[in-house]
Amino acid sequence: MNSWNDRFKNENYVYGTNPNVFLADIHKKLSLSGDALAIAEGEGRNAVYLAQQGMNVTAWDYAQSGLTKTEKLAKDRNVTVQTKLVDLNEANWDKDQWDELICIFGHFPEALRKKTLEGVKEAVKPGGYFISEVYSVYQLPYKSGGPQNIELLYKPEEFLSVFSDWRIVHFFMGEVVRNEGELHNGLSHVIQFVGQKRE
């Protein structure tokens, strides 16, 4: 039993049921459609949002309790999200599969971060987008959410090196205020990335 499975077992949604505000803003600006994948999706708030926008959405997480809550939230909102129990250490990244791929506050050890970002690069369709907001290595003093282990936090160069040959639509590192459920609250230090795979 992993710690995330235990965390998501309660009835309440620990990160809330509304989508990440950065994701919602960017998605609307880009007017995206088609097939979307949300990785490390937790309890489904972002996947359900994308389904509400008309996307065909798949959510990956390695906590079954989170996927169960994703399915419940989707049903409550009258949309469908396909869920899949996936350990990113063992993920199969099919080439050119997704029009939109998102990772919102998905934090992993450095080697797995690199492997995952490389997988994302492979899996997005030409012309498709990768959208991410994560806590930066400067987040620890803020105490407003995220891992309390700097090894699990992102450096800007991790995105910029892996996606150096993509069109960088948006890149930001700095302070934002996030109020997402019980566990993301207050002034935070994040990295935001939106990249488009060249056709």
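A polar contact is a pair of N or O atoms within 3.5 Å. The exercises below use a predicted model.

**Exercise 1. Find the residue that caps the N-terminal end of α2, and describe what surrounds this helix.**

Step 1. Locate the helix. α2 spans residues 21–30.

Step 2. Check the start. N20 caps the N-terminal end. A side-chain oxygen of N20 lies 3.2 Å from the backbone nitrogen of F22. The cut-off for a polar contact is 3.5 Å, so the pair qualifies.

Step 3. List the buried residues. They are F22, L23, A24, I26 and H27.

Step 4. Find their packing partners. The buried residues of α2 pack against α3 (45–52) and against the strands β4 (98–104), β5 (124–135), β6 (167–180) and β7 (184–196).

Step 5. Check what follows. S31 comes after α2, and its phi is positive, near 50°.

**Exercise 2. Work out which elements the salt bridge between K95 and E122 links, and how accessible each partner is.**

Step 1. Apply the distance test. A salt bridge needs a side-chain nitrogen of Lys or Arg within 4 Å of a carboxyl oxygen of Asp or Glu. The closest N and O atoms of K95 and E122 are 3.9 Å apart.

Step 2. Place the partners. K95 sits in the loop between β3 (81–85) and β4, while E122 belongs to helix α5 (residues 110–123). The two are 27 residues apart, and the pair links distant parts of the chain.

Step 3. Read the accessibility. K95 has 55% relative accessibility, so it counts as exposed. E122 has a relative accessible area of 35%, so it is partly exposed.

**Exercise 3. Do the same for K155 and E110.**

Step 1. Their side chains meet in a salt bridge, at 3.9 Å from N to O.

Step 2. K155 is in the loop between β5 and α6 (156–162), and E110 is in helix α5. The separation is 45 residues.

Step 3. K155 has a relative accessible area of 29%, so it is partly exposed. E110 is partly exposed too, at 42%.

**Exercise 4. Decide whether the partners R178 and E133 are buried or exposed, and place their salt bridge in the chain.**

Step 1. The R178 and E133 side chains form a salt bridge of 2.8 Å, N to O.

Step 2. R178 lies in strand β6 and E133 in strand β5, 45 residues apart.

Step 3. Both residues are buried.

Step 4. Look for shared partners elsewhere. D35, D99 and K125 are joined into one network by salt bridges that share partners. The count for the model is 13 salt bridges.

**Exercise 5. Locate A40 and K143, two non-glycine residues with positive phi.**

Step 1. Recall the background. Most residues other than glycine have a negative phi.

Step 2. Take A40. Its phi is near 50°. A40 is in the loop between β1 (35–38) and α3. Its relative accessibility is 22%, so A40 counts as partly exposed.

Step 3. Take K143. Its phi is near 55°. K143 lies in the loop between β5 and α6. At 63% relative accessibility, K143 counts as exposed.

**Exercise 6. Describe the annotated domain and its secondary structure.**

Step 1. Read the record. An unreviewed UniProt entry annotates residues 33–174 as "domain: Tellurite resistance methyltransferase TehB-like".

Step 2. Describe that stretch in the model. Over residues 33–174 the chain is 30% helix and 30% strand. The end C-alpha atoms of the stretch are 29 Å apart.

Definitions and conventions:
Residues numbered from 1 in each chain as written. Predicted model: local features only at pLDDT ≥ 70, side-chain atom pairs only at ≥ 80, totals over all residues. Heavy atoms only, no water. Buried < 20%, exposed > 50% of the residue type's maximum accessible area, 1.4 Å probe, protein only. Helix = DSSP H or I, 4+ residues; strand = E, 2+ residues; numbered from the N terminus. Contact = heavy atoms within 4.5 Å. Polar contact = N/O pair within 3.5 Å; in protein donor to acceptor, adjacent residues only side chain to side chain. UniProt positions renumbered as here; feature names shortened; annotations may be inferred.
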